[in-house]
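I opened my notebook for a fresh chain today and wrote down each thing I looked up. Have the sequence and the structure at hand and follow along.

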Amino acid sequence: SEDVLSKDAGECAICLEDLQQGDTIARLPCLCIYHKGQVFLRMDIKFQEVAFMDCIDEWFEVNRSCPEHPSD
């Protein structure tokens, strides 16, 4: 399910960025949470590139289980 994080909650196991209050998250049935939608990863000014990741959305394109509980 999609939700908005009410308080900081460590880091996302997929992108390794902090899960911060106000982030849009996906909460899986095992209660693990991950970023939902695009997450800013970095900006390279020299090459004028910005990197984003879709965290759980990209993960689910390859695997339909929780990254931390693959056997559930």
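**Entry 1: setting the terms.** I call a residue buried under 20% relative accessible area and exposed over 50%, with partly exposed in between. I also remind myself that this is a predicted model.

**Entry 2: two leucines in loops.** With that cut-off in hand I went to Leu-31. Leu-31 has a relative accessibility of 62%, so I put it down as exposed. Leu-31 sits in the loop that runs between S2 and strand S3 (33-44). Its phi caught my eye: the angle of Leu-31 is near 80°, a positive value in a residue other than glycine. I noted in the margin that most residues other than glycine have a negative phi.

Leu-16 gave me a second case. Leu-16 is not a glycine, yet its phi is positive, at about 65°. I found Leu-16 in the loop between strand S1 (2-4) and strand S2 (24-27). Is Leu-16 buried or exposed? At 54% relative accessibility, Leu-16 is over the 50% line, so it counts as exposed.

**Entry 3: the chain as a whole.** I counted 1 helix and 4 strands. Read along the sequence, they come in the order β-β-β-β-α. Of the 72 residues in the chain, 25% are buried. The chain exposes about 5200 Å², and 48% of that comes from carbon and sulfur atoms. For contacts between residues at least 6 apart in sequence, I noted that 28% join residues at least 24 apart.

**Entry 4: how confident is the predictor?** The mean pLDDT of the chain is 81, and 74% of its residues reach 70 or more. Which element has the lowest mean pLDDT, and which the highest? Strand S4 (residues 49-55) has the lowest, at 68, and S2 the highest, at 90.

**Entry 5: the nonpolar core.** The largest nonpolar core holds 14 residues. Cys-12, Ile-14, Leu-19, Tyr-34 and Ile-56 have the most contacts inside it. S2 and S3 each supply at least two residues of this core.

I then followed Ile-56, leaving out neighbours within four places in sequence. Its contacts are Ile-14, Ala-26, Leu-28, Tyr-34, His-35, Lys-36 and Pro-67. Ile-14 and Tyr-34 on that list also belong to the core residues named above.

**Entry 6: His-35.** His-35 came up among the contacts of Ile-56, and I looked there next. His-35 is in strand S3. Its relative accessible area is 4%, so His-35 is buried. A polar atom of the His-35 side chain lies 3.3 Å from the backbone oxygen of Asp-18. Beyond four places in sequence, His-35 is in contact with residues including Cys-12, Cys-15, Glu-17, Asp-18 and Leu-19. Further along the chain, its contacts include Asp-54, Cys-55 and Ile-56.

**Entry 7: cysteines.** How many disulfides does a search of the whole structure find? The search finds 0. Cys-12 is in no disulfide, and the nearest cysteine sulfur, that of Cys-55, is 3.9 Å away. A disulfide needs the two sulfur atoms within 2.5 Å. Cys-12 has 0% relative accessibility, so it counts as buried. Cys-66 is in no disulfide either; its nearest cysteine sulfur belongs to Cys-30, 3.6 Å away. Cys-66 is buried too, with a relative accessible area of 7%.

**Entry 8: Ser-65.** I stepped back one residue to Ser-65, in the segment after helix H1 (56-62). With a relative accessible area of 12%, Ser-65 is buried. Its side chain makes a polar contact of 2.8 Å with the side chain of Asn-63. Setting aside neighbours within four places in sequence, Ser-65 is in contact with Trp-59, Phe-60 and Pro-70.

**Entry 9: Lys-7, to finish.** Lys-7 is in the loop between S1 and S2. Lys-7 is exposed, with a relative accessible area of 59%. I also checked its backbone: the C-alpha atoms of Lys-7 and Gln-21 are separated by 4.3 Å, with the two residues 14 apart along the chain.

How values were computed: Residues numbered from 1 in each chain as written. Heavy atoms only, no water. Buried < 20%, exposed > 50% of the residue type's maximum accessible area, 1.4 Å probe, protein only. Contact = heavy atoms within 4.5 Å. Areas by Shrake-Rupley, 256 points an atom, 1.4 Å probe, with all protein chains shown as cover. Core = buried A, V, L, I, M, F, W, Y, C linked by side-chain atoms within 4.5 Å. pLDDT = per-residue confidence, 0-100. Polar contact = N/O pair within 3.5 Å; in protein donor to acceptor, adjacent residues only side chain to side chain.
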